[in-house]
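Grab a pencil and work through these short exercises with the model open beside you. Try each task before you read its solution.

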Amino acid sequence: MISVYNTPRELHIAAAWLWIRAALKEGDGLVGVATGTTTTPIHQMVARIYAAAPFDTRAIQLCAVDDYTGIEPGHEASCSERVRRQLVKPLNLGEDQALLPDGFTGHDAPGRYEAEINQRGGIRLQMLGLGEDGHIGFNYPGTSMGSGAFLALLPQSTKDTLHRLYGLPMDQMPSHGLTLGIRSILMSQRIVIAVTGARKAAIVREAILGPVTEEVPASALQLHRDVAWLLDKEAASKL
Ligand code: F6R
């Protein structure tokens, strides 16, 4: 399904409600989040809705699709920390309601993280953002579509972004990140991918209408039966 919104704000409101509805459903399973400039305002909208009309958050179990390895705990560049600041704290969630990658260290961390997700009933809805090169999570072009969670090598573009946004010095830059793999993402019951801005219009077109190829990781979403693409007008402009 593809939904096109007139403005990013309309998209943020729609995505926030989708996430809340999935998160509040009774039963097993987690709601997955991603970090970045696209999903931050969605999380802020979730927090604003909660502040205006508090709902019962006791059923919420969330997890994050990825995080950098080796960033000091509590650093604002850490994806897990951003999820804590954007959702866990504003929604008053308990420690046990958020499964975050920074709690997993060592070479077997990806496998243990994924096993814990499965033990909690898997992911009922995974919210994603899209990179300009077609990446989802830290699955960059060339990543095998058959992979479960793994430690991905971070490209220079991601390091540049971390440097620009959070002032992380290049010599303290993480080299890897823990990410759910394409296979893990495709095992989610539902996937929602939010994309805004003209810069991503070309890759949106490739991911939705092009061939399924490891060169465009998001094209793997064509293999899933319940994917919602939420696009603003600019991101949808090349469809
Ligand atoms: C981060 C993540 C990434 C981002 C992607 C888009 O947790 O999973 O795949 O979703 O890099 O980032 P923005 O929204 O900042 O363009």
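Asp66 stands opposite Thr179 in strand 8. Before we build on that, two ground rules. This is a predicted model, where local features need pLDDT of at least 70 and side-chain atom pairs count only at pLDDT 80 or more, while totals for chains, interfaces and linings use all residues. Residues are numbered from 1 along each chain as its sequence is written.

**Exercise 1.** Work out how strand 4 and strand 8 pair, and which strands stand at the edges of the sheet.

*Solution.*
- Step 1: Strands here are DSSP runs (E, at least two residues; helices are H or I, at least four), numbered from the N terminus. Two of them pair if DSSP finds at least two bridges between them.
- Step 2: Strand 4 and strand 8 (residues 176-179) are linked by three bridges, in the antiparallel sense.
- Step 3: The open sheet has three strands in the order 4-8-7, with antiparallel pairing.
- Step 4: Strand 4 (66-68) and strand 7 (150-153) each have a single partner strand, so one side of each has no neighbour in the sheet, and these are your edges.

**Exercise 2.** Find where Asp96 lies and decide: buried or exposed?

*Solution.*
- Step 1: Look in the loop between helix 3 (79-88) and strand 5 (98-99), and there's Asp96.
- Step 2: Recall the cut-offs: other C-beta atoms within 10 Å, placed from the backbone, number 20 or more for buried, 12 or fewer for exposed, and in between for partly exposed.
- Step 3: Asp96 has 7 C-beta neighbours inside 10 Å, so it counts as exposed.
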